Amino acid sequence: MGEDHWFSEGQKEQDPWDLDEKSQGSNGQSPGKGFQGPRRFWLKVEEEKRVMFLDGVPFRFWEHNWKDDEGRWSEFEPCHVRNSLGKECVLDGIKAVSMYHVGMFSIIDFSQFQGTKHIFQFDRRLYPAKMGGTKKPGTLQKLKRLKDKYGQLAGCVFDIYRTGAMSPKVGDEFTLVERVDPKDFPKYIEKMRQEFNGRPSEEHLKFHPWEPIDYRKVIKPRSLHELKGLLGIVSSGSQEEPEEPVSDFEY
Ligand SMILES: [Zn+2]
């Protein structure tokens with residue numbers, strides 16, 4: 001577990017843009033803290049942000065999501081069974097835990113955000129695009145169409161808008177602003193500096209480089225021991241009895 005290549009097991013030969021149900025791997029059923037690395041991009045209702053995609057191929061896996069002890073949906077964990085990380089997934093079958101197939105992208109967020117000390121801008125973020133199903137296609141299927149339309153996603157700058165509370169948190173309206181050849185990113189960064197008061201700085205680029213995130217490094221499956229520590233929160237937040245006992249699993 002936790003090996004460098006955990007995600008790619010069983011998907012080595014697969015086209016990441018093949019969104020047929022069969023391509024989701026494993027048995028195809030439909031999903032926190034502990035996550036360290038770039039933050040996830042999200043939008044408030046009726047908010048719009050400008051972003052650039054840094055990569056054009058989704059990093060795909062099955063993910064669980066559940067509420068933290070403050071009631072926010074901020075806990076994430078790759079499904080150990082469906083991603084072939086282990087024989088057991090202690091999060092399966094718990095009603096308060098959702099599970100879905102997701103494709104991750106790396107983006108630069110061009111929008112400005114006023115923090116307590118300074119303005120954030122050009123931060124690199126994870127962009128989680130859910131696959132969804134035939135009746136309710138997810139953002140990943142939308143991005144595939146945009147990729148087909150524009151040739152590639154890497155270097156595409158979009159204004160992304162979230163239309164409503166039931167719309168995906170990552171937005172549901174994409175307006176293409178411009179396309180930049182990834183080879184020309186250095187020139188483009190220079191152009192941004194002229195427009196945005198010296199941002200992004202060289203220092204900022206060290207922490208938020210304009211290159212795809214190394215997903216295998218930042219999306220690290222937790223050990224069963226760590227998950228066990230979190231399960232008290234999960235089961236107490238559940239409306240219903242968990243379908244299977246969660247306290248007596250083996251390491
Ligand atoms: Zn699972």
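**Figure 1. Asn197, an exposed residue in a loop of the predicted model**. Asn197 counts as exposed, because only 8 other C-beta atoms lie within 10 Å, and exposure is assigned at 12 or fewer. The residue sits in the loop between H2 and H3. Asn197 comes just after H2. Its phi is positive, about 55 degrees, although Asn197 is not a glycine. Most residues other than glycine have a negative phi.

**Figure 2. Helix H2 and the loop that follows**. Helix H2 covers residues 185–195. It is hardly covered: of its 11 residues, the count of buried ones is zero. The loop between H2 and helix H3 (202–207) also holds Pro200. A cis peptide bond joins Arg199 to Pro200, with omega at about -5 degrees. Most peptide bonds are trans.

**Figure 3. Glu46, ahead of strand S1**. Glu46 is placed in the segment before strand S1 (48–53). Its phi is positive, at about 65 degrees, and Glu46 is not a glycine. Glu46 counts as exposed because it has 11 C-beta neighbours inside 10 Å.

**Figure 4. Helix H1 and its buried face**. Helix H1 runs over residues 139–150. Its 12 residues should span 16 Å at 1.5 Å a residue, and the end C-alpha atoms are 16 Å apart, so the two values agree. Thr139, Leu140, Leu143 and Lys144 are buried in H1. Seen down the axis, the buried residues of H1 fall within an arc of 145 degrees, so they line one face of the helix. Strand S4 (98–109) and strand S7 (123–130) are included in what covers them. On the other side of H1, Arg145, Asp148 and Lys149 are exposed. Just after H1, Gly151 takes a positive phi of about 90 degrees.

**Figure 5. The whole chain and its ends**. The protein chain has five helices and nine strands. Along the sequence, the pattern reads β-β-β-β-β-β-β-α-β-β-α-α-α-α. Of its 251 residues, 31% count as buried. The average pLDDT of the chain is 83, and 80% of the residues score at least 70. Residues 1–6 stay under 50 in pLDDT. The model gives residues 1–6 10 contacts beyond four places in sequence. Over residues 235–251 the pLDDT is also below 50. Beyond near neighbours in sequence, residues 235–251 have 23 contacts in the model.

Methods
Residues are numbered from 1 along each chain as its sequence is written. This is a predicted model: local features need pLDDT of at least 70, side-chain atom pairs count only at pLDDT 80 or more; totals for chains, interfaces and linings use all residues. Helices (H or I, at least four residues) and strands (E, at least two) are DSSP runs, numbered from the N terminus. A residue is buried if 20 or more other C-beta atoms lie within 10 Å of its own, exposed if 12 or fewer, and partly exposed in between; C-beta atoms are placed from the backbone. pLDDT is the predictor's confidence in each residue, from 0 to 100. Two residues are in contact if their C-beta atoms, placed from the backbone, lie within 7 Å. The expected span of a helix is 1.5 Å times one less than its number of residues. The arc is that of the directions from the helix axis to the C-beta atoms.
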